[in-house]
Amino acid sequence: MDEVSEDGSGSLLWGFIASPLKLIALSSLLLGLYIIYRRKREAELRRRIPRRLPPMEKRDFTISQLREFDGVRNERILFAVDGTVFDVSRGRGFYGPDGPYGALAGHEASRALATMDTDAVKDEWDDLSDLTPEDRETMKDWKQSFTYKYDVIGKLLRDDEIATHHNETVVGETKDESVDELSKKDK
């Protein structure tokens, strides 16, 4: 226990507060530490914010083509939900390699989202025929949410499907035309 000195200032803290010079020194030290902390925090936040990638050409993907866009092999992060391919690169903190949903990147993510199990991602075409009605509803809710938040890049193709010709870059709403419609215009 601190003894009370003759002038009534008993503690070490009171000694700092009672002396204006010591108080100014302590305040300066604390302010300096705060400024250093703040600068480090701001630098960390700047590193976490992904740079905005240029708009991507709208196109369709096979399963193997989609795998390239996992945030590691390619800086862009794409995945498909119910056959629709989304560019979720802005959500790198969630869908990037170190994110909690990183397993979805570069994959058809419908089953994982429908069942709320990221281990359910498959590396092959999944027809989703065995999903329950509740799982299908959950998947559709996720798809609607992604449609609202992220750019739709194209569709996920089965091995026997023909790609759609897209003539625009994804920036808001886009118009696409099928190969058959384009060939009719050329005639």
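**Exercise 1.** Decide whether Val 152 counts as buried, partly exposed or exposed, and place Val 152 among the strands.

Solution. Step 1: the classes rest on relative accessible area, computed with a 1.4 Å probe on protein chains only; buried means under 20%, exposed over 50%, and partly exposed in between. Step 2: Val 152 has a relative accessibility of 28%, so this residue counts as partly exposed. Step 3: Val 152 belongs to strand E3. Step 4: Arg 59 is 93 residues away from Val 152 in sequence, while the C-alpha to C-alpha distance between the two is 9.6 Å.

The model is a predicted one, where local features need pLDDT of at least 70 and side-chain atom pairs count only at pLDDT 80 or more, while totals for chains, interfaces and linings use all residues. Residues are numbered from 1 along each chain as its sequence is written, and side-chain values use heavy atoms, with hydrogens and water left out.

**Exercise 2.** How many helices and strands does the chain have, and in what order do the elements run?

Solution. Step 1: helices (H or I, at least four residues) and strands (E, at least two) are DSSP runs, numbered from the N terminus. Step 2: the chain contains 7 helices and 5 strands. Step 3: starting at the N terminus, the order is α-α-α-β-β-α-α-α-β-β-β-α. Step 4: of the 187 residues in the chain, 30% count as buried.

**Exercise 3.** Work out the order of the strands in the open sheet of 3 strands, and say which strands stand at the edges.

Solution. Step 1: two strands pair if DSSP finds at least two bridges between them. Step 2: the open sheet has the order E1-E2-E3, and the pairing is antiparallel. Step 3: E1 (78-81) and E3 (151-155) each have a single partner strand, so they stand at the edges and one side of each lacks a neighbour in the sheet. Step 4: from one strand to the next, the twist averages 35°; such angles are taken between the N-to-C directions of lines fitted to C-alpha atoms and run from 0 to 180 degrees.

**Exercise 4.** Which residues are the bridge partners of Leu 78, Thr 84 and Val 85 in E3?

Solution. Step 1: E1 and E2 run antiparallel and are joined by 4 bridges; Leu 78 has Asp 87 of E2 as its bridge partner, and Ala 80 stands opposite Val 85. Step 2: E2 (residues 84-87) also pairs with E3 in the antiparallel sense, over 4 bridges. Here Thr 84 has Lys 155 as its partner, and Val 85 has Gly 154. Step 3: turn to the faces. In E1, Leu 78 and Ala 80 lie on one side and Phe 79 and Val 81 on the other, and all are buried. In E2, Thr 84 and Phe 86 point one way and Val 85 and Asp 87 the other way, and all of these are buried too.

**Exercise 5.** Find where Met 116 and Leu 128 lie, and decide whether each is buried or exposed.

Solution. Step 1: most residues other than glycine have a negative phi. Step 2: Met 116 has a positive phi of about 55°, and Leu 128 has one near 60°. Step 3: Met 116 lies in the loop between H5 and H6, and Leu 128 is found in the loop between H5 and H6 as well. Step 4: Met 116 has 59% relative accessibility and therefore counts as exposed, whereas Leu 128, at 5%, counts as buried. Step 5: a further positive phi, near 50°, belongs to Asp 82 in the hairpin of E1 and E2, which has 2 residues between the strands.

**Exercise 6.** How many residues does the largest nonpolar core have, and which element gives the most to this core?

Solution. Step 1: a nonpolar core is a set of buried Ala, Val, Leu, Ile, Met, Phe, Trp, Tyr and Cys residues joined through side-chain atoms within 4.5 Å. Step 2: the largest one has 18 residues, and those with the most contacts inside it include Phe 79, Tyr 95, Leu 113 and Phe 146. Step 3: E1, helix H5 (110-115) and helix H6 (133-149) are the elements that give two or more residues to this core. Step 4: H5 gives the most, with 3 residues.
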